[in-house]
Amino acid sequence: MDFFLEIVVAVLLVAGSLMSLIAGIGLITFPDLLSRMHAATKPQVLGFLLLFAGLAIHLRSWILVPVLVLAWGLQLLTAPVSAHMIGRAGYRTKHVAKETLHVDELKRVISTHSEATGNTGAVTRIEGTKADETENS
Amino acid sequence: MIETAVWIGGVMLALASIACLWRVFKGPSILDRVLALDVILLIISSALCLDMAINRHTDYLLFVVVACTLGFIGSVTVSRFVSDQRNA
């Protein structure tokens, strides 16, 4: 039983570290901010789950489990929020390659919003960014 | 068994952190750099987990919890700042 658990722990630790390696390779090879974001969240959720499970099994203590669940749940809660903020800032500052997108739902929302209320809010801001870029270039 | 696994995992984490540092150096925008630095923080937390596993202690558990929060606060703050700066 002990030997079997050791094998499980070894596999979990190696797999959890592999997720970080995958994120690094993805950060190097992917061409675009959004696809890099997709690669960067691999160690955040699955990698930590594997590592924490390996750690808890290796130390054989139930006292650890609530703290590890807290750390993992914190990651699970904060990962989408920070990804949303980064993606939003990337869309606003034109770091998203539009030609690689199959569906651009935000564009449709922005155009409906501008038809309904005139050029206010986000639309004005985006046009301001465009104007700034043409002035700079 | 565990030692071998931790060595393999450590090498993987080292390669991953080198890749992230390369992206921080190269990254076209500040958002790419923030993303890569966030991943570096995750790699540090993973390395702490490996260290706790091989040395059989729980001293770094609190830092792993804190690092999760720190990465979140950092990336949200920087992305908020970027959008404000570019659209002003």
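**Reading the interface of chain A and chain B**

Visitor: How many residue pairs are in polar contact across the interface of chain A and chain B?

Guide: The rule finds five such pairs, both residues at pLDDT 80 or more. Keep in mind that this is a predicted model.

Visitor: Which elements of chain A give two or more residues to the side that touches chain B?

Guide: They are α1 (2-29), α2 (33-40), α3 (42-59), α4 (64-92) and α6 (122-136) of chain A. With 16 residues, α4(A) gives the most. Sorted by class, that side of chain A has 31 nonpolar, twelve polar and seven charged residues.

Visitor: How is the size of an interface given?

Guide: Often as the accessible area lost when the parts come together. Here, chain A and chain B bury about 4400 Å² between them. Carbon and sulfur atoms give 75% of that area. On chain A, L27(A), H58(A) and I86(A) supply 12% of the area buried against chain B, more than any other three residues. The contact takes 50 residues from chain A and 49 residues from chain B.

Visitor: How many salt bridges does the rule find across this interface?

Guide: One. R36(A) pairs with D32(B), and their closest N and O atoms are 2.6 Å apart.

Visitor: Is R36(A) buried or exposed?

Guide: R36(A) counts as buried because its relative accessibility is 5%, and the cut-off is under 20%. R36(A) sits in helix α2 of chain A. Its side chain also reaches the backbone oxygen of P31(A) at 3.5 Å.

Visitor: Which residues of chain B are in contact with R36(A)?

Guide: R23(B), P28(B), D32(B) and L35(B).

Notes. Residues are numbered from 1 along each chain as its sequence is written. Chains are lettered from A and ligands numbered from 1 in the order in which they are written. This is a predicted model: local features need pLDDT of at least 70, side-chain atom pairs count only at pLDDT 80 or more; totals for chains, interfaces and linings use all residues. Side-chain values use heavy atoms; hydrogens and water are left out. Contact means heavy atoms within 4.5 Å. Buried area is the accessible area (1.4 Å probe) that two parts lose on being put together, summed over both. A salt bridge is a side-chain nitrogen of Lys or Arg within 4 Å of a carboxyl oxygen of Asp or Glu. A polar contact is a pair of N or O atoms within 3.5 Å; within protein, one must be able to donate a hydrogen and the other to accept it, and residues adjacent in sequence count only if both atoms are side-chain atoms. Helices (H or I, at least four residues) and strands (E, at least two) are DSSP runs, numbered from the N terminus. Ala, Val, Leu, Ile, Met, Phe, Trp, Tyr, Cys and Pro count as nonpolar, Asp, Glu, Lys and Arg as charged, and the others, Gly among them, as polar. Buried means under 20% relative accessible area, exposed over 50%, partly exposed in between (1.4 Å probe, protein chains only). Lists of a residue's contacts leave out its neighbours within four places in sequence.
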